[in-house]
Structures are given as C-alpha cells and as structure tokens.
Amino acid sequence: MSTSVLVINCGSSSIKYALVSEHRKDRIFGLAENLGSANARIKGITTGGEELELSIPHADHEKALETILERLAHHNPQAIGHRVVHGGTLTKAELLTPEIIERIREATPLAPLHNPAHLVGIEATMRLFPHLPQVAVFDTAFHQTMPAHAYRYALPKFLYTEHNVRRYGFHGTSHAYVSERGSELAGSYKKGGWLTAHLGNGSSTCAIWNGQSVDTSMGLTPLEGVVMGTRSGDVDPSIHSFLASNLGWDIYKIDKMLNSQSGLLGLSDLSNDMRTLIEASEQGNEDATLAIEVFCYRLAKSLAGLSCGLPRIDGLFFTGGIGENSAYIREKTVAYLPHFGFNLSQEQNNSLKRGTEGRIDAGTGPQIWVVPTDEEGRIAKETEHVALQEGNVTAKKSNAETVTA
C-alpha cells in the first residue's frame, strides 16, 4: 500500500506543512503565514513542482488547516504527524490521545513559545479530521537516551525530582535523520561515534553513539548551547541579576533580549542572516567579521566538548541552512579543531551545491559529510510507524469523539 502522511508544524501565526509519500519524489509542501491578519496566505509547491500562492484573509489556524487539507484531500493522506517541540519526559512519538495531549499541555512551561501553538494545531485537526490517526513527534524524544551525567544540572535535587528541571535537547528529528543517513552513507549504519551540527537560525550540536544521542548542546530550553541567529547560546547565568541590578531590567526584558536580540544579530548589530554577514565581512564590516568568528569558535568548542561522550570519533555531519550551504562556515569551524585530526578537502567542500549531500574530507582522519536534513521525512516515518499499525488506527477511531479538548 502506498502511504502518505501529512506533516504539520504549527507556529503562533504560521503553519508549515508537507505531504510525504513513499512513492512521490516531488514532495508537496508549503507555509501558511500571517494567520489572523488581512495578509494571511498560503505559499508552497504543489504537484509537479508547480508554485502555489493563495490568499486567505483573516484565516485562523483552523481555517488554514481546512484549506490545506481540502487541497490535499485527493491525495488521500492516511495519517497526520505533528511536530511538537517539547515532550517533557516522553521518549518516543505517540498516538494523540487525551492523555498525550494533556502531557503536551503540562510541558508548556518548558516551551512557552512553542507548545501552545502546537496545541492549537492539534486541536484544530482533531476537530476537522477525527477519522485520521494523528501522532505527536517530539523534538526532545531523540535525546532521552542521554545518561544522567549529561542531562542533569548541578542544582538542588528537588528542582529535578519535583519540577523536571534538566537538560532535554532539541532538533531531535534532524539529528536523528542526519546521523542515520550519514552513517549509512559512511558504510556504518547506526554504528560508531558521530558529531552532528545542525546550523540555521536555531543551531545545536549532538554526540551520537551507535545511533543514540548521548549529549547535545541545547538544554532545558532551546536557548542553551551555541550562538544562533538571535539567541545568545551559553552566557553566565548571573547576567540576569547583573542586568536587573544595574539597568533595572525585569526578567521578561532579559529573556526577550537573550532569545530575540542576541546571537549573530546582537554581535553584528546588522543581521541574523549568515549570508548577509559574510557579504558584509567581505566588505570590511568588523562587527560582522567578529560575529562569524564567535559563531564558528563557539560551535567548534561545543563539538569538542560533546566529544567527551564518545568512545571514539568516526566523523562529523553538517546540516541545516548554514551547515548545508556555507562552505566558508564549515571550513572555519573545522579549522578550530586541528587536534581532532580532521582533514578538510577545500575542493570537495567548495564543490557542494545547495541541497546536495557529499563527503568533504580528504580521505584521512575522521570523515566529514554534508547531509541535508529532512525533518518532515523523519516525522512522516515516525508517524507511519506509530499511527498506521492496525491496533493504533482502531484505537484512534474509537477515541475520535473524545480527543477534541
């Protein structure tokens, strides 16, 4: 049977979607954006690679989802997979039931900007399409294999036991896909020790041993770790009290600064887009140059630290918008890791074009690969595994009337 899964990723004012089929090379995908405003629209790629742009003025999430599914109905998706940023202590993709929805809601304090939007999408699709099995795939689930010495903070124990304060990690679907695909390309499927660098506006690193996450850079929230587009990454925790005491800032202003006004944008005072910064640096902008150097140094420092979790290092995978497309950033990052024996081939590194995978080392030392991520494909695969089992489909149909909270 040909299986197709509709993948949904709901943000506060947008919905990303993709119809993933095992027999379709030309994937259907798009973005509903500016929801709730007069400029609400759907943009994407439909059958045969044709472009789609559809105005849906003042549409909310439910109306946008209804429009999306109407356009895809004749493709007969068998299930819906929802990307959910934070699953708390849930360790795998789960069929959506009242209990699982409540656990997503309980994890909201850990992802206040993400989980509420996901719940809006989940509840809308449950009302609109109660006959379809629906699955939550969590960014955090892949990292639930981390040992306690990697996920526990050096804080009073009760904060962990009573309030679940610990390191969770994110970008799990990307790290899982890239490490699986990369190790397959390297001829050691889910074997050995690999470092992954998911680099985009949000960035994170991961150490993977025999296909399982053993450590990652992000923590309780996606703010911890490497420098990102607008997020600071690691800073001294006392910066909160320093800014409160000396500048009179409250916790909300500090949190906004660290999440939305820092990172590449804060360092450069110009842009959070790496392409813009590289161009500006080439034209002599010193702040842009510094932002790039800090980004690459802190990235290399994170990879070096995560290597402590691996018995050996077989190689490094770059992915994400920056990781896949910027030979310059890959070269500068590897240059900060000479003692690991990486031997980058400049010719191979520069030859890779957008969206292509390939090996970029010179054939000695640990391998270095560029592996374009496919989070939607990974979500679809996990959704199919959970939802299209006969028992789960039966359970979903029996619960269809009650799962509408």
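## Aromatic pairs

In this predicted model, Y336 has a relative accessibility of 33% and therefore counts as partly exposed, a class that lies between the limits of 20% for buried and 50% for exposed residues. The tyrosine Y297 falls into the partly exposed class, with a relative accessible area of 43%. A search of the whole structure for aromatic pairs finds four. Y297 and Y336 form one such pair, with ring centres 5.4 Å apart and planes at 75°, so that the arrangement is edge-to-face. Because Y297 lies in helix α11 (residues 286-306) while Y336 belongs to the loop between α13 (327-335) and α14 (346-351), the pair ties together parts that are 39 residues apart in sequence.

An aromatic pair of the stacked kind is formed by F340 and F342, whose rings are 6.3 Å apart from centre to centre, with 15° between their planes. Of these two phenylalanines, F340 is partly exposed, at a relative accessible area of 21%, whereas F342 is buried, at 11%. The cut-off between the two classes is 20%, so the value for F340 places that residue on the partly exposed side.

## Confidence of the prediction

The mean pLDDT of the protein is 92, and a value of 70 or more is reached by 95% of the residues. The stretch of residues 394-405 calls for caution, since pLDDT stays under 50 there. For that stretch the model has 18 contacts beyond four places in sequence, and these contacts should be read together with the pLDDT of under 50.

## The eight-stranded sheet

Eight strands make up an open sheet with mixed pairing, and their order across the sheet is β5-β4-β3-β2-β1-β6-β8-β7. The edges are formed by β5 (51-55) and β7 (94-95), each of which pairs on one side only. Strand β4, which spans residues 41-45, pairs with β5 in the antiparallel sense over five bridges, and R41 stands opposite S55 in β5.

Helix α2 (residues 98-106) lies across three strands of the model, namely β6 (79-84), β7 and β8 (134-138), and runs at about 30° to β8.

## G377 in helix α15

Helix α15 covers residues 375-387 and includes G377, a glycine that counts as buried because its relative accessibility is 17%. Once neighbours within four places in sequence are set aside, G377 is in contact with V20 and R27. Although G377 and R27 are 350 residues apart along the chain, their C-alpha atoms are separated by 9.9 Å.

## Cysteines without disulfides

A search of the whole structure finds zero disulfides, and the surroundings of two cysteines can be examined in this respect. The sulfur of C206 has its closest cysteine sulfur in C308, at 14 Å, which is too far for a bond. For C296, the closest cysteine sulfur is that of C206, and the distance of 20 Å is again too far for a bond. Because a disulfide requires the two sulfur atoms to lie within 2.5 Å, neither the 14 Å of the C206 pair nor the 20 Å of the C296 pair qualifies.

Both of these cysteines are buried: C206 has a relative accessibility of 0%, and C296 has a relative accessible area of 0%.

Definitions and conventions
Residues numbered from 1 in each chain as written. Predicted model: local features only at pLDDT ≥ 70, side-chain atom pairs only at ≥ 80, totals over all residues. Heavy atoms only, no water. pLDDT = per-residue confidence, 0-100. Contact = heavy atoms within 4.5 Å. Pairing = 2+ DSSP bridges. Helix = DSSP H or I, 4+ residues; strand = E, 2+ residues; numbered from the N terminus. Axes fitted to C-alpha atoms, helices over the stretch in contact; angles between N-to-C directions. Buried < 20%, exposed > 50% of the residue type's maximum accessible area, 1.4 Å probe, protein only. Phe/Tyr/Trp six-rings, centres within 6.5 Å; stacked < 30°, edge-to-face > 60°.
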